[in-house]
Amino acid sequence: MSLALHSTFTGVLASIPSPPVSYIDLGPLRIHFYALCIIAGIIAAVILTNHRLTKRGAEPWVVIDISILAVPIAIIGARIFHVLTHPNFYFGEGKNTWNPFEPGSVWAIWEGGIAIFGALIGGAIGAYLGCRWTGIRFWTFADALAPGLLLAQAMGRFGNWFNHELFGLPTDLPWGLEIESTNSAFPPGLPEGTLFHPTFLYEVLWNGLGVLVLLWLGRKLFFQWGRLFAIYLIWYSAGRVVWESIRIDPSEIILGLRSNVWAAIIGIVVGIAILIVQSRRHLGLEPSPYKPGRARKDLDADVQSQDNPHDFVDVSEPPSEEVSAGATATSTAPTRTAPTSEAGTR
């Protein structure tokens, strides 16, 4: 089937093509568009989070210090969650589980296979450690991150489009997604040219709308102390329940539901719990983005010492009446008696 956009005689979109390529080769290096989508999402999230944190009074780009820990641990968590929820891919007779030099190992993250819910768990651990390191309140960071995190997830979903993966049930809707019949995920028994629900697009639109909602709610003082992050969990997870329910890619089934549906349900429950607990524990506003006893490092730098009148040496000449009679001079001058030792320091 052609990968060009098809139109009906009325000019209405009849299908969405899958991209003809999913990577580019630069000499010996192969760059996957999926990875570029994820990297672009991370960069966008960092920039937006930095803007929101500095508006709260945090040191500019302290988000990078936190991200140094949060991003790698999030990627590790995403891979572990994927492997644990797809054990048949990696474990069993004939599977290459542990050899990283052969295809199909648990280490081969470059072959694809990461889970967003695992990234959330790992990222939360990394962000907590990063916040302890920098002195930023964890919930302040989480609230500042929430819109950027949802934006990153929306951008990352385009990687699934480039990979021709994670599509939904067959559909005859005019925005159905074209998938080649030679795709290993193409359901057997369906005729060539069958269109599928573009679940990547549904999630992009849902997450994009969520970014606007979170930015709007974030302007309200009530959504501090982690409450905005709680709304993120509820919003994202509610949409994920729907998209997972129509996806047809292989997944572990637990009590009749896909593993990621259960993860999304847990996300909703955790979000509601955070809202309830934080609303009871914190009735007022956050006094500062920093924990008690911690402050902006850039405001403590030596170049800022002139802001404190007690942090500089007064080299002006003291009044003559401050020199006591009979005091021993420490230096001489042609026209006056020098002040006593250390009289010019205060």
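## Enclosed space in the model

A cavity is a set of grid points where a 1.4 Å probe fits but cannot get out. The structure examined here is a predicted model. When cavities of 30 Å³ or more are counted in this model, the result is 1. The largest cavity holds about 30 Å³ of space.

Which residues line the largest cavity? They are Arg157, Asn160, Leu166, Thr199, Phe200, Glu203 and Arg247. Two elements, α5 and α6, each give two or more residues to this lining. The greatest contribution comes from α6, which supplies 3 residues. Sorted by class, the lining of the largest cavity consists of 3 charged, 2 polar and 2 nonpolar residues.

## An open pocket

The model also contains pockets, and the second largest of them has a volume of about 370 Å³. Its lining is made up of 17 residues. Among these, Arg52, Lys55, Arg56, Gly218 and Arg219 lie closest to the centre of the pocket.

Which elements give two or more residues to the lining of the second largest pocket? These elements are α1 and α5. The largest share belongs to α1, with 4 residues. In terms of class, 7 residues of this lining are charged, 6 are nonpolar and 4 are polar.

## The largest nonpolar core

The largest nonpolar core has 38 residues. Within this core, Ile136, Phe141 and Tyr232 touch the most other members. Seven helices are listed as supplying at least two residues each: α1 (33–55), α2 (62–85), α4 (116–134), α5 (138–162), α6 (199–217), α7 (227–246) and α8 (259–281). Of the contributing elements, α7 gives the most, with 8 residues.

Tyr232 offers a closer view of the contacts in this region. Residues up to four places away in sequence are set aside here, and Tyr232 then touches Leu120, Ala146, Leu149, Leu150, Gln153 and Leu214.

## A second core

Apart from the largest core, the model has a second, separate core of 8 residues. Its members include Phe167, Ile179, Phe186 and Val204.

## Elements that recur

Some helices appear in several of these descriptions. The helix α5 supplies at least two residues of the largest core, and α5 also gives two or more residues to the lining of the largest cavity and to that of the second largest pocket. The helix α1 likewise supplies at least two residues of the largest core, while the largest share of the lining of the second largest pocket comes from α1.

Methods:
Residues are numbered from 1 along each chain as its sequence is written. This is a predicted model: local features need pLDDT of at least 70, side-chain atom pairs count only at pLDDT 80 or more; totals for chains, interfaces and linings use all residues. Side-chain values use heavy atoms; hydrogens and water are left out. A nonpolar core is a set of buried Ala, Val, Leu, Ile, Met, Phe, Trp, Tyr and Cys residues joined through side-chain atoms within 4.5 Å. Buried means under 20% relative accessible area, exposed over 50%, partly exposed in between (1.4 Å probe, protein chains only). Contact means heavy atoms within 4.5 Å. On a 1 Å grid over the protein atoms alone, a cavity is a set of points where a 1.4 Å probe fits but cannot get out, and a pocket is an open set with protein on both sides within 12 Å along at least five of seven lines; lining residues have an atom within 4 Å of a point. Grid points are joined across faces, edges and corners, and a volume is the space filled by probe spheres set on the points. Ala, Val, Leu, Ile, Met, Phe, Trp, Tyr, Cys and Pro count as nonpolar, Asp, Glu, Lys and Arg as charged, and the others, Gly among them, as polar.
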